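This report looks at how strands are joined into a sheet, and then at enclosed empty space. Please keep the sequence and the 3D view open while reading.

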Amino acid sequence: MNKNEWHRENIEQVLVDMDSAKEGLTSAEALKRLDRYGANELKSKKRKTPFMMFLDQFRDFMILVLIAAAVIAGFIGEPSDTIAIVVIVILNAVIGFVQEYRAERAMEALQKMAGTTATVIRDGIPATIPAAEIVPGDIVILEAGNIVPADMRLIETANLKIEEAALTGESVPIKKHTEVLPASDLPLGDRKNMSYRGTYVTYGRAQGVVTATGMKTELGKIADMITGAGEMKTPLQKRLTAFGQKLAIAVLVICAIVFAVGIIRGEGPLLMLLTAISLAVAAIPEALPAVVTISLALGAKKLVVQNALIRKLPAVETLGSVTYICSDKTGTLTLNKMSVEELYIDGAVLKSIEVQKTDRQRLPGENPTIADYFLTGLALSNDAHADAEGNLIGDPTETALYAIAYTKGFDKKKLEKDVPRVAEIPFDSERKCMTTLHDSANFEPGGRFISFTKGALDVLLAKSVNILTSQGLKKVDPAELEKINATMAADGMRILCHCMRKWDALPDPVSPEQVETGLTILGLTGMMDPPREEAREAIALCKAAGIKPVMITGDHPLTAAAIARRLGLFDSEERSTLTGKELDDLSLEEFEERVEHIRVYARVAPEQKLKIVKALQDRGQFVAMTGDGVNDAPALKKADIGVAMGITGTDVSKEAADMILLDDNFATIVNAVKSGRRIFDNIRKFIKYTMTSNSGEIWTIFLAPFFGLPIPLLPIHILWINLVTDGLPGLALAAEPAETGLMKKPPRHPRESVFAHGLGVHIIWVGLLMGFVSIFLQAWSIKTGHAHWQTMVFTVLCLSQMGHVMAIRSESESFFRQGLFSNKPLLGAFILTFILQMATIYVPFLNPIFKTEPLTLSELLFTLLLSSIVFIAVEIEKMILRRRRESNGL
């Protein structure tokens, strides 16, 4: 016998296997087992110290390049650059440290889920002990409100119901029993004679023998998967790492060439060394990490207002790359609240909204209608009630019946005064029904007593003799009712049959055998956890954005498929649904062939959710996983981005996630996707801007000697341009609004280069244009005898970059269509940079510092004219791109 299948053993055999008895263990034996099996706690992997976490933040390649740049800047006597770089590096290290430290709290949240104390039978009497001291073989007493402290085989139950949604995905509490379940490999949700650590007792009481503690529990296995899932780098981190490595190599090669060419031409070694080092500092976009951080932080701040809390900043950008969203059904795509969707009454199936509300009071002596009997039974034959705030309290099925009756004008509180309950027969799993008896003297003419019974159709059919219709009582047609039941069940509904019987006197005794016979069927109710309307809209938006939504649930396949149809998940239902058992039967190769076509997974275990995410990632997909339960945590951590629910989500899922939906609204993800795409677009714009600027500086210095010209810029000029142009203007790009049609584009390929879509070509040709404009100005100025040629080249190069940043605000839309004031931070940065550049020319005490000379009006105007060439050229490039797209029908 596989001891992971305790549900297959009878109670006596389980007690023998566990060397236990219904009287419990002795204290001495429990102490021995505690020493042998260890404490009933979840273990975590050895954690790094906070100091080591902080040091790890400096291992990133880009950070190492920036540290080297800081050292170089300090060496050539530019402490302002050194300070700026060091501040940026430390800021990023602190942010990274905080993120990692928070992530480590996932295990702590798991441990909090287990109850701190538990009641066990020790030495033959009940005793309350710390949950950590529970051992295999202990007899644990469970009552409503308890958190189950360990995995156990139930040996006694009394109307026990356990909420297992966090572990299995079931949307309603599960009715438990003690009977043997012979089937092998049953999903956790179907093991109704077992209870599992971390789940909640909502009703009844029970006793169970502990079969697993600590990391051997199902919750412990999940904890083990979380620690083993590993951390994933976001697309942005991967792109920036590759970008930094290529950049460093390119910069070293170019600087070496510039130095060598200068020496060959006879320039002073010291001047060329300083020029090469200055060029190296300028070529490295040290503001890039700051721009990334600020862009993500601004996006995160906006998303909080839109009910999305970002736990890890790079996650904002990751959403822009997501190709699949794997979502749990219960509470995420659905309301996590049972609702009566359909009613079968008087030979017709009606949607709940089609049933008319009854406000009219029946006249004295007037007989109740079919609807009166049916809805009165729904209201009275359940134990649900409303609290002072109007919130419904009770079993989800009964609150659904209470709600439908109330909305149709049958208020339980009022009815109980006229039709009081006088007796009841509670529900039990063997009878599969419950009955309440009421005094009906004030309900119907000549009435004495009436009983209302609800339960499974197959059970009540055998107990019924007729059915109430508008033409009176008719003989029951079992085939017809079973057909109706099958149709409603195929739509994913949970079906209950509702019956009544009239009595001249109260039955004696009030027993199932006496009362639940000779019944009259009133009708059927079909219930389900309905989908969120906003989730349907969000799924449609996801599809328009090229993102494929997938439902992963522990629910029944029929229920899952019905919800999926209503949400619009299916593109084609053929081969679009897969059960956990079918998934187990597929080889890895077979599954990976089908994984991109599956839209619904039903009856799956936590391990399988993780397998699904891995399979999609193996196919090159970028996966977001949404969920709210403990069962989602491993997949949340493994996914490229984990999205937890803020209201219904467990602490475990929140700690494992990258983002938390504060309103539990699937639609919020769409806003996050849009923000992620906009942020990455803006980061690409910054890279385009800063690398083009650096390219222009490099081409200017590199090509001048080949035209027989002196070095056009001094080290101070290079560093100044680098400081004023890479600073505020670049950072202001983070505030650029989203481009038109952003959510109609497919997701970026996860392995797409930062330089894709012509960015690399743009950097080269615009950089060359800047270089040629500068060299042309230098050559013309020298030839025409203008002594201020170096100041003019310095200004043209600086202001050309300002024209460039204004032009690249959009990939294709004209600057004039966007408007001057649509990005006010960038406009402010442009004006400030222009003023600062003019100050270096016309403020006398700055001339010796920056090696500049005041320009004449004609020189300044000519400089400004040449500085606009880059802006005009990029606008022409965008116009060509627009026309090309229009001709292609895009």
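How many bridges join E9 to strand E24 (residues 623–627)? There are 4 bridges between E9 and E24, and the two strands run parallel.

## About the model

This is a predicted model, in which local features need pLDDT of at least 70 and side-chain atom pairs count only at pLDDT 80 or more, while totals for chains, interfaces and linings use all residues. Residues are numbered from 1 along each chain as its sequence is written, and side-chain values use heavy atoms, with hydrogens and water left out.

## The sheet and its edges

Strands of a sheet pair through backbone hydrogen bonds, either parallel or antiparallel. Here, strands (E, at least two residues) and helices (H or I, at least four residues) are DSSP runs numbered from the N terminus, and two strands pair if DSSP finds at least two bridges between them. An open sheet of 8 strands follows the order E8-E26-E25-E24-E9-E21-E23-E22, with mixed pairing. Strand E8 (308–310) and strand E22 (577–579) stand at the edges with a single partner strand each, so one side of each is left without a neighbour in the sheet. From one strand to the next, the twist averages 20 degrees, where axes are lines fitted to C-alpha atoms and angles run from 0 to 180 degrees between N-to-C directions.

Elsewhere in this sheet, strand E25 (residues 641–645) and strand E26 (residues 659–661) run parallel and are joined by 3 bridges, with Met-645 opposite Leu-661 in E26.

## Strand E9

On E9, Ser-327 stands opposite Thr-626 in E24. E9 is also joined by 5 bridges to strand E21 (residues 548–552), and these two run parallel; here Cys-326 stands opposite Val-550 in E21.

Is strand E9 (residues 324–328) enclosed or open? It is largely enclosed by the rest of the structure, because 5 of its 5 residues are buried (under 20% relative accessible area, with a 1.4 Å probe and protein chains only). Tyr-324, Cys-326 and Asp-328 cover one side, while Ile-325 and Ser-327 lie on the other, and all are buried.

## The second largest cavity

A cavity is a set of points on a 1 Å grid over the protein atoms alone where a 1.4 Å probe fits but cannot get out, and its lining residues have an atom within 4 Å of a point. A search of the whole structure finds 3 cavities of 30 Å³ or more, and the second largest has a volume of about 40 Å³, a volume being the space filled by probe spheres set on the points. Its lining includes Phe-452, Thr-453 and Lys-454, and E16 gives the most to this lining, with 3 residues.

How values were computed: On a 1 Å grid over the protein atoms alone, a cavity is a set of points where a 1.4 Å probe fits but cannot get out, and a pocket is an open set with protein on both sides within 12 Å along at least five of seven lines; lining residues have an atom within 4 Å of a point. Buried means under 20% relative accessible area, exposed over 50%, partly exposed in between (1.4 Å probe, protein chains only).
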